[in-house]
Amino acid sequence: MNMKKYKADTMVNAMKKVRADFGDDAVILSSNVVYSKGFLGLFKKKSVEVIAGYDTPKEQVERKVEPMIMPTPNPKLDESTSQLKQEMREMKKMLKTMQHSSKMGRFPDEFQPILTYLRQQGMTNDVINEIGDSMFNYVKETKEDLPFEKQIEHVKRFFERRLAELPFGGISLEKKYINVLGPTGVGKTTTIAKIAARVLLEKKKKVGFITTDTYRIAAIEQLRTYANLLQAPVEVVYNAADFKQAIDKFADLDFVFIDTAGRNYKEAKFVEDLKEVVDFSLDMETFLVLSVTSKEEDMSVIIDQFQAFPIEKFIFTKIDETNSLGSLFNLMRNYHRGIAYYTNGQEVPEDLEEATQENIIDLLLEGVSDARPS
Ligand SMILES: Nc1nc2c(ncn2[C@@H]2O[C@H](COP(=O)(O)OP(=O)(O)O)[C@@H](O)[C@H]2O)c(=O)[nH]1
Ligand SMILES: [Mg+2]
C-alpha cells in the first residue's frame, strides 16, 4: 500500500488533495485536527492532517462492500431446529443485504457517481434507492436528460422534501433557560460557551452559566475560563437546593445556560439524578449534543437513552473532523428532530453555525462536485 500525509485547512480540502492523487479508491488511514497555540486556549488556528493510502482498486471495492460472514454449520447442532431457524434468519438477512448492496446496479451509469457519493456519505440503501428511483422516474416522465449538475439539484429537492417538516435554527431567544445534554466529550461546554458568547456579543443580553458537571474540577475550570472571558457569572450546583438558589441568584439575567455531565448516561439512574437536580419545568429549551465523529448506531443508542428528556433539536459537533455526514440526515429522519446548530472546530465563539434547512443540505452535498465524472 502507498501512503502519503496531507495537510490542509479543512477536512474537505484535505480530501480534495487525497482525491487528486489517489482518486476515489483512497483509504483514509487516520485523520487528525492539529491546533496551533492560541490565547488562553481560545482563538486557536486549526489544520487537518490526513494520512491516506492506496491499494489495488479490486481490494478497495471488496472493502467497501459490507463483509458478510457465512454462518459456520455446527455438526453437533445440525439436527436442532432452533439452529436451523437461526441459520435461516441469518441467510434471509444476508440475502436482503446482498440485494441492497447490488441495487445501485439497477440504475443507469450516469447516476452511479452521485449515488456512490451518497453511499460514501453514509446514506442508507433505502434513501439511495429512493433517490435513484426519483431521478429515473423524472427522466422517464419528462424525457429530458439529467446531467450531473441537474442530478445535484434533483437530490437537493429530494432532501428539501424529506426535511420539510423538521424544525431548524438556534435558540428561540424566548426562553430564559438553555440546557445542553449529551455524553462526555462531545463538546457541550465548548458549544454553550459559543452560543452564550454570540447572545452576549450580538444581542447584548446578560448571560450566566449553571453547571451540574461536578465530577471533574477541570470541567468546572473550563466553564469558568469561558465565563470569565465573557464576564458572566457561573454557579456550580450539586443538588436541587443549589439549583433553586442559582435560579434565584440569576433572576435578573436574560439567559441562563445550563451545562450538564454526561458521564453516567448509560446507567438507569442517570435520568432520575439529572431530573432531580435540574428543574425541567422552568421556561427552558433542551438540546442534545452529538459528535458526528461517533458511529451512527452509537448515536442512536445515545438518543434512545436521552429520550426521557424534552429534547427540542440536535446540536451536531466536530463537523470538521469527518467527511461523511449521512448520519445527520438518517438521525433527523429516524427521530423526527431538526438541528439547532452545528460546530466545526474548537474556536470559541467562531466555530458555530446556526442550522438552516439550506445549510444542512449544502453540508450533505459539500463534496459532491468532486464526484462529477470527468
Ligand atoms: N474538532 C472539534 N473539536 C471540538 C468541537 N467542539 C468541541 N470540541 C473539542 O472537544 C473536546 C471536548 O469538548 P467539551 O466542550 O469539553 O465537551 P463536553 O465534555 O461535552 O463538555 C474539547 O477538546 C473541545 O475543544 C468541534 O466542533 N470540532
Ligand atoms: Mg463539559
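**Exercise 1. Determine whether Arg 216 is buried or exposed, and place it in the fold.**

Arg 216 has 12 C-beta neighbours inside 10 Å and therefore counts as exposed. The cut-offs are these: a residue is buried if 20 or more other C-beta atoms lie within 10 Å of its own, exposed if 12 or fewer, and partly exposed in between, with C-beta atoms placed from the backbone. The model is predicted: local features need pLDDT of at least 70, side-chain atom pairs count only at pLDDT 80 or more, and totals for chains, interfaces and linings use all residues. Residues are numbered from 1 along each chain as its sequence is written, while chains are lettered from A and ligands numbered from 1 in the order in which they are written.

Next, locate the residue. Arg 216 sits in the loop between strand 5 (207–211) and helix 8 (217–229). Helices (H or I, at least four residues) and strands (E, at least two) are DSSP runs, numbered from the N terminus. Finally, Arg 216 lies 9.4 Å from Ala 261, C-alpha to C-alpha, at a sequence distance of 45 residues.

**Exercise 2. Describe the surroundings of strand 7 (residues 255–259).**

Start with burial. Five of the five residues of strand 7 are buried, so the strand is largely enclosed by the rest of the structure.

Then take the side-chain directions. In a regular strand the side chains alternate between the two faces of the sheet. From strand 7, Phe 255, Phe 257 and Asp 259 point one way, and Val 256 and Ile 258 the other.

Last, find the partners; two strands pair if DSSP finds at least two bridges between them. Strand 4 (residues 177–181) pairs with strand 7 in the parallel sense over four bridges, and Ile 178 stands opposite Phe 257. Strand 5 also pairs with strand 7 in the parallel sense, over five bridges, with Ile 210 opposite Ile 258.

**Exercise 3. Which residues touch the most other members of the largest nonpolar core, and where does this core lie?**

A nonpolar core is a set of buried Ala, Val, Leu, Ile, Met, Phe, Trp, Tyr and Cys residues joined through C-beta atoms within 7 Å. The largest has 67 residues, of which Ala 196, Phe 257, Phe 316 and Leu 328 touch the most other members. Helix 7 gives the most to this core, with six residues. Domain 2 (109–167) and domain 3 (177–355) both contribute residues, so the core lies between them; the domain bounds come from an automatic or database domain assignment.

Now examine one member. Leaving aside neighbours within four places in sequence, Phe 316 is in contact (C-beta atoms, placed from the backbone, within 7 Å) with Leu 290, Val 292, Leu 328, Ile 339 and Tyr 342.

**Exercise 4. Which element gives the most to the shell around ligand 1?**

The shell is made of residues whose C-beta atom, placed from the backbone, lies within 6 Å of the ligand. There are 19 such residues, and Gly 187, Lys 188, Thr 189, Thr 190 and Thr 343 are the closest. Helix 7 (residues 188–203) gives the most, with three residues.

**Exercise 5. Where are Lys 204 and Pro 349 placed, and what is unusual in their backbone geometry?**

Most residues other than glycine have a negative phi, and most peptide bonds are trans. Lys 204, in the loop between helix 7 and strand 5, has a positive phi near 55 degrees. Pro 349, in the loop between strand 10 (338–343) and strand 11 (352–354), is joined to Val 348 by a cis peptide bond, with omega about 0 degrees.

Key
Contact = placed C-beta atoms within 7 Å.
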